[in-house]
Amino acid sequence: MLTPCPGMSVSRLCVYTISKGPLGPTKVGITTNLRGRFGALQTGSPTPLVSGVSLPCKHAADIERRVHERLAAHRLSGEWFAVTLAEAEAAIDAVIAVGCG
């Protein structure tokens, strides 16, 4: 279960997960426009995408970088990982638990 950063202030930037299905692969990224980002990814995907979590956070870029490091062994290409939505979201939660920023 995702928990917000202690003392987190909401910003327009958010960490998000999008998957090609419940079993993945899953993308972990950041954006200021999740609807537009999802639409752009869906346009380029031959299969329907599943929207996961969207977590507004002023430390979104740092969280994304650390989640990418945590999931590096599962990287397929760029920001796509061979993990389920639940595994990606657990990695986000683990990074936040250690501390934001």
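# Close-up views of the predicted model

**View 1. Glu79 sits at 25% relative accessibility and so counts as partly exposed.** The model shown here and in the views below is a predicted one. Which residue does Glu79 form a salt bridge with? The partner is Lys27, and the closest N and O atoms of the two are 2.2 Å apart. This pair ties together distant parts of the chain: Lys27 belongs to strand β2 (residues 26-31), Glu79 belongs to the loop between β4 (75-77) and β5 (80-81), and 52 residues separate them. Lys27 itself is buried, with a relative accessible area of just 3%. So the bridge brings together a buried Lys27 and a partly exposed Glu79.

**View 2. Asp62 and Arg66 meet in a salt bridge along helix α2.** Their side chains come to 3.3 Å, N to O. About one helical turn separates the two, because they are 4 residues apart in helix α2 (residues 60-70). Buried or exposed? Asp62 is buried, at a relative accessible area of 19%, and Arg66 counts as buried too, at 18%. The cut-off for buried is under 20%, so Asp62 makes it at 19%.

**View 3. Arg65 and Glu69 form another salt bridge in helix α2.** Here the closest N and O atoms are 2.9 Å apart. Once again the spacing is 4 residues, about one turn of the helix. Arg65 counts as partly exposed, with 41% relative accessibility. Zoom out a little and salt bridges that share partners join Asp62, Arg65, Arg66 and Glu69 into one network. For the whole structure, the tally is 4 salt bridges.

**View 4. Lys20 holds its charged end over the ring of Trp80.** The charged end sits 5.5 Å from the centre of that ring. How many aromatic pairs turn up in a search of the whole structure? The answer is 0.

**View 5. Val15 is among the residues with the most contacts inside the largest nonpolar core.** This core has 16 residues, and Val28, Ile63, Val67, Leu71 and Ile92 join Val15 on that most-contacts list. At least two core residues come from each of β3 (50-56), α2 and α3 (85-98). Which element gives the most? That would be α3, with 5 residues. Leaving aside residues up to four places away in sequence, Val15 touches a long list, including Val28, Gly29, Ile30, Val53, Leu55, Ala60, Ile63 and Ile92. A second, separate core has 5 residues, among them Tyr16, Ile18, Leu49 and Trp80. As general background, nonpolar side chains in soluble globular proteins tend to be buried together.

**View 6. Cys14 and Cys57 are both buried.** Cys14 has a relative accessible area of 6%, while Cys57 comes in at 0%. How many disulfides does the structure hold? There are 0.

**View 7. The whole chain, for orientation, has 3 helices and 5 strands.** Follow the sequence along and the pattern reads β-β-α-β-α-β-β-α. Of the 101 residues in the chain, 39% are buried. Among contacts with a separation of 6 or more, 69% are between residues 24 or more positions apart. The Glu79 and Lys27 bridge of View 1, at 52 residues apart, is one link between distant parts of the chain.

Key. Residues are numbered from 1 along each chain as its sequence is written. This is a predicted model: local features need pLDDT of at least 70, side-chain atom pairs count only at pLDDT 80 or more; totals for chains, interfaces and linings use all residues. Side-chain values use heavy atoms; hydrogens and water are left out. Buried means under 20% relative accessible area, exposed over 50%, partly exposed in between (1.4 Å probe, protein chains only). Rings of Phe, Tyr and Trp (its six-membered ring) pair if their centres lie within 6.5 Å; planes under 30 degrees apart count as stacked, over 60 as edge-to-face and the rest as tilted. A charge sits over a ring if NZ of Lys or CZ of Arg is within 6 Å of the ring centre and within 35 degrees of the ring normal. A disulfide is a pair of cysteine sulfur atoms within 2.5 Å. A nonpolar core is a set of buried Ala, Val, Leu, Ile, Met, Phe, Trp, Tyr and Cys residues joined through side-chain atoms within 4.5 Å. Contact means heavy atoms within 4.5 Å.
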